[in-house]
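Got your viewer open and your mouse ready? Let's take a walk through this one together, one selection at a time.

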Amino acid sequence: MPKVGKWGEVDGGKSEWEDLPEGAGVRAILMPVQQSKTGESYRLLKVITCPAEGEQLGRFQNDRAVEVAQDVPDVILPEREPPPAPKATQGELF
């Protein structure tokens with residue numbers, strides 16, 4: 001995920017943030033398109049983590065942190081297709 005300036009964690013209503021260096025990105029895997037139970041399309045972004053280090057251990061609730069990469073190239077994601085029009089439903093008969 002290119003051009004990420006910060007990453008953070010929200011736990012129990014408390015948010016903590018960490019600045020990232022210029023040109024950094026977060027390593028992640030963009031999963032294939034899936035269909036929800038209602039028929040809507042979506043994609044999951046699975047963020048790759050590594051063990052938290054130094055002050056991250058005391059500041060973040062989790063013992064994991066995002067994996068940061070330097071000089072990540074720009075990525076162009078494909079355009080999303082518009083959602084299908086809702087199906088007409090039959091009204092009440094009585």
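Here is a tour that starts with the whole chain and then stops at single residues.

**Stop 1: the whole chain**

Before you click on anything, keep in mind that this is a predicted model. Show the protein chain as a cartoon and you'll find one helix and 10 strands. Follow the cartoon along the sequence and the order reads β-β-β-β-β-β-β-β-α-β-β.

Now turn the model around. Along its principal axes, the C-alpha trace of the protein chain spans about 65 × 35 × 15 Å. How does the radius of gyration of the protein chain compare with that of a compact globule of 94 residues? The globule would come out near 12 Å, but the protein chain has 20 Å.

Switch on the surface next. The accessible surface of the protein chain adds up to about 8,000 Å², and carbon and sulfur atoms hold 55% of that. Of the 94 residues in the protein chain, 17% count as buried.

Try colouring by charge, too. You should get 11 positive and 16 negative side chains in the protein chain, with the centres of the two sets 6 Å apart. As for contacts in the protein chain with a separation of 6 or more, 39% of them come from residues 24 or more positions apart.

**Stop 2: the nonpolar core**

Select Val4, Trp7, Leu20, Ala24, Val26, Ala52, Phe60, Ala65 and Val66, and show them as sticks. These nine residues make up the largest nonpolar core. In soluble globular proteins, nonpolar side chains tend to be buried together.

Stay on one of the core residues, Ala52. Which residues does Ala52 contact, leaving aside its neighbours within four places in sequence? They are Leu57, Asn62, Asp63, Arg64 and Ala65.

**Stop 3: Asp63**

From Ala52, hop over to its contact Asp63. You'll find Asp63 in the loop between helix H1 (56–59) and strand S9 (64–66). Asp63 and Ala52 are 11 residues apart along the chain, and their C-alpha atoms are separated by 5.3 Å. Leaving aside neighbours within four places in sequence, Asp63 is in contact with Cys50, Pro51 and Ala52.

**Stop 4: Glu16**

Next, select Glu16 in strand S2 (residues 14–19). Is Glu16 buried or exposed? Glu16 counts as buried because its relative accessibility is 18%, and the cut-off for buried is under 20%. Not counting residues up to four places away in sequence, Glu16 touches Trp7, Gly8, Glu9, Arg59 and Phe60. Two of those names should ring a bell: Trp7 and Phe60 belong to the largest nonpolar core.

**Stop 5: Tyr42 and Arg43**

Pick Tyr42, which sits in strand S6. With 33% relative accessibility, Tyr42 counts as partly exposed. Leaving out residues up to four places away in sequence, Tyr42 touches Pro32, Val33, Gln34, Gln35 and Ser36. Check the distance to Pro32: the two are 10 residues apart in sequence and 8.5 Å apart in space, C-alpha to C-alpha.

Now select Arg43, in the loop between strand S6 (41–42) and strand S7 (45–47). Arg43 has 38% relative accessibility, so Arg43 counts as partly exposed. Aside from neighbours within four places in sequence, Arg43 is in contact with Leu30, Met31, Pro32, Val33 and Pro78. Arg43 and Pro32 are 11 residues apart in sequence, and 6.1 Å separates them in space, C-alpha to C-alpha.

**Stop 6: Asp11**

For the last stop, go to Asp11 in strand S1 (residues 6–11). At 39% relative accessibility, Asp11 counts as partly exposed. Then add Gly25 to your selection and draw a line between the two C-alpha atoms. What separation should you get for Asp11 and Gly25? The answer is 23 Å, for residues 14 apart along the chain.

Key: Residues numbered from 1 in each chain as written. Predicted model: local features only at pLDDT ≥ 70, side-chain atom pairs only at ≥ 80, totals over all residues. Heavy atoms only, no water. Helix = DSSP H or I, 4+ residues; strand = E, 2+ residues; numbered from the N terminus. Rg over C-alpha atoms; globule rule 2.2 N^0.38 Å. Buried < 20%, exposed > 50% of the residue type's maximum accessible area, 1.4 Å probe, protein only. Contact = heavy atoms within 4.5 Å. Areas by Shrake-Rupley, 256 points an atom, 1.4 Å probe, with all protein chains shown as cover. Lys, Arg positive; Asp, Glu negative; His and termini not counted. Charge placed at Lys NZ, Arg CZ, Asp CG, Glu CD. Core = buried A, V, L, I, M, F, W, Y, C linked by side-chain atoms within 4.5 Å.
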